[in-house]
Amino acid sequence: MSQPELTAAQLQSLYQYALVLCQQPADASDLLQHGVETYLLKISRQQVIHNPEAYVRTVVRNRFYDQYRRDRRQAHIAYEEQAAYDISPVNLEQLCIQQDELQRIWSQLAVEDRDILYHWAILGLSTDEACAELGIPRGTFLSRMHRLKKHCQARRASDDQRGGGV
Amino acid sequence: MSRERSTEPQAPLAEAIRREVGRHRLDDARVEQLLRQQQQVLAAAAATRTPTRALGLRCAVSLVALILIGLLGWWLLRPPGVDVSRQIALEVVENHLKLKPLDVHTDTIAGIQSYFTQLDFSPVASAALPDQLAPGAPRLLGGRYCSIKGDTAAQLRFQNGAQTVTLYQVGYRASSFGAVPELGDATAPKVLFVKGLQVSIWVEKDLLMVLVQKN
């Protein structure tokens with residue numbers, strides 16, 4: 001069986017995924033380089049990688065989390081609140097947000113949340129599938145998404161108040 | 001200072017994420033470089049896959065595979081016994097003698113548990129430890145990652161009087177570690193002596209425990 005090849009579009013997608021994780025273009029480029037080199041090493045040894053894109057994505061993710069845990073970097077979560085835990089369910093499909101607002105808070109999300117949202121929005125997994133794939137407790141993710149939703153609603157209400165009467 | 005109210009319409013979260021993620025791109029020169037690397041490796045791999053060479057290679061691989069299967073079968077059918085315990089003892093004694101720097105300095109098992117997040121088990125405070133040590137009040141110093149027969153394990157280091165003792169913990173599997181006395185069976189740990197050190201081996205809370213101390 002011939003070895004499937006990575007395409008330019010897939011390399012772009014993999015770079016974008018690396019950037020979702022590390023939020024730094026230089027680091028994302030390094031992660032991608034590492035992932036591609038690991039994949040090329042495999043095929044140079046006559047091993048067939050049936051899904052190169054998925055393989056490289058896994059290598060990128062593992063490499064990032066190894067470095068992330070070692071360096072103990074913590075993404076700043078600006079919207080964390082001190083309220084009691086709220087078990088209200090949140091349906092991501094029904095959430096709407098302004099593009100510039102997402103751009104503002106995207107880098108502030110926990111990396112695990114960005115990872116899950118990437119798998120949901122870009123790769124088309126359900127949130128349950130994404131949480132299972134990434135080994136992140138579903139309850140933890142959902143409670144953080146609920147707080148994100150409340151944060152966005154609060155910001156919108158605040159904007160409406162300031163805009164009123166002008 | 002008032003903030004200008006944004007008039008941008010809201011979009012579904014998934015679409016907004018796709019736009020946010022998609023606006024970042026790797027420069028084309030970099031993409032071309034990676035594609036060239038891939039082509040070079042694929043070309044080299046294809047060049048080594050000639051028919052006659054492939055046939056010879058397949059025969060050699062088959063022969064090696066048969067030999068390995070035979071060895072594996074012999075190894076699996078051979079009951080793990082004292083020599084497995086000795087292998088474990090040799091491995092932990094090597095770690096004990098090297099005493100590499102601790103990954104975490106803590107005097108509580110909670111500190112150990114919160115640090116060791118890359119294990120497939122949770123380290124525990126061993127109820128049997130005080131009985132295995134010379135009289136004294138062992139003081140936990142910290143821990144470091146290690147391995148026992150290929151499985152990722154935790155080395156806990158204690159100061160017991162004048163000597164440093166090390167306690168290794170790893171998830172217990174009889175197929176890898178052989179038959180080991182279990183705490184609570186009213187049986188004593190298995191004790192071996194390696195390079196002048198006393199090695200005690202037992203199972204506690206489904207974990208293999210290995211203690212190394214001076215004789």
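From the N terminus on, the elements of chain A follow the order α-α-α-β-α-α-α-α, which amounts to seven helices and one strand, where helices (H or I, at least four residues) and strands (E, at least two) are DSSP runs numbered from the N terminus. The model is predicted, so that local features need pLDDT of at least 70 and side-chain atom pairs count only at pLDDT 80 or more, whereas totals for chains, interfaces and linings use all residues. Residues are numbered from 1 along each chain as its sequence is written, chains are lettered from A and ligands numbered from 1 in the order in which they are written, and side-chain values use heavy atoms, with hydrogens and water left out.

Of the 166 residues in chain A, 46% are buried, a term that stands for under 20% relative accessible area, with exposed meaning over 50% and partly exposed the range in between (1.4 Å probe, protein chains only). Contacts, defined by heavy atoms within 4.5 Å, join residues 24 or more positions apart in 73% of the cases in chain A with a separation of 6 or more. The surface that chain A exposes is about 8,500 Å², and carbon and sulfur atoms supply 48% of it; accessible areas come from the Shrake-Rupley method with a 1.4 Å probe, and for residues only the protein chains shown count as cover.

Chain B contains seven helices and eight strands, and 39% of its 215 residues are buried. Among the contacts in chain B between residues at least 6 apart in sequence, 57% join residues at least 24 apart. The accessible surface of chain B is about 12,400 Å², with 59% belonging to carbon and sulfur atoms.

The association of the two chains was examined next. The contact involves 45 residues from chain A and 38 residues from chain B, and the area buried between them is about 3,900 Å², of which carbon and sulfur atoms give 57%; buried area here is the accessible area (1.4 Å probe) that two parts lose on being put together, summed over both. A:Q12, A:Q46 and A:Q99 supply 15% of the area that chain A buries against chain B, more than any other three residues. Zero salt bridges are found across the interface of chain A and chain B, the criterion being a side-chain nitrogen of Lys or Arg within 4 Å of a carboxyl oxygen of Asp or Glu. The side of chain A that touches chain B draws at least two residues from each of several elements, including helix 3 (52–71), strand 1 (96–98), helix 4 (99–106) and helix 7 (138–163), while its largest share, nine residues, comes from helix 2 of chain A.

Over all chains, six aromatic pairs are counted, where rings of Phe, Tyr and Trp (its six-membered ring) pair if their centres lie within 6.5 Å, and planes under 30 degrees apart count as stacked, over 60 as edge-to-face and the rest as tilted. The pair of A:Y17 and A:Y118 is tilted, because the ring centres are 4.7 Å apart and the planes stand at 50°. This pair links distant parts of the chain, with A:Y17 in helix 1 (residues 8–22) and A:Y118 in helix 5 (residues 111–121) of chain A, 101 residues apart. A:Y17 is buried, with a relative accessible area of 0%, and A:Y118 is buried, with a relative accessible area of 1%. In chain B, the rings of B:Y172 and B:F177 have centres 6.4 Å apart and planes at 25°, and the pair is therefore stacked; B:Y172 and B:F177 are both buried. Ring pairs also link B:Y115, B:F116 and B:Y145 into a cluster.
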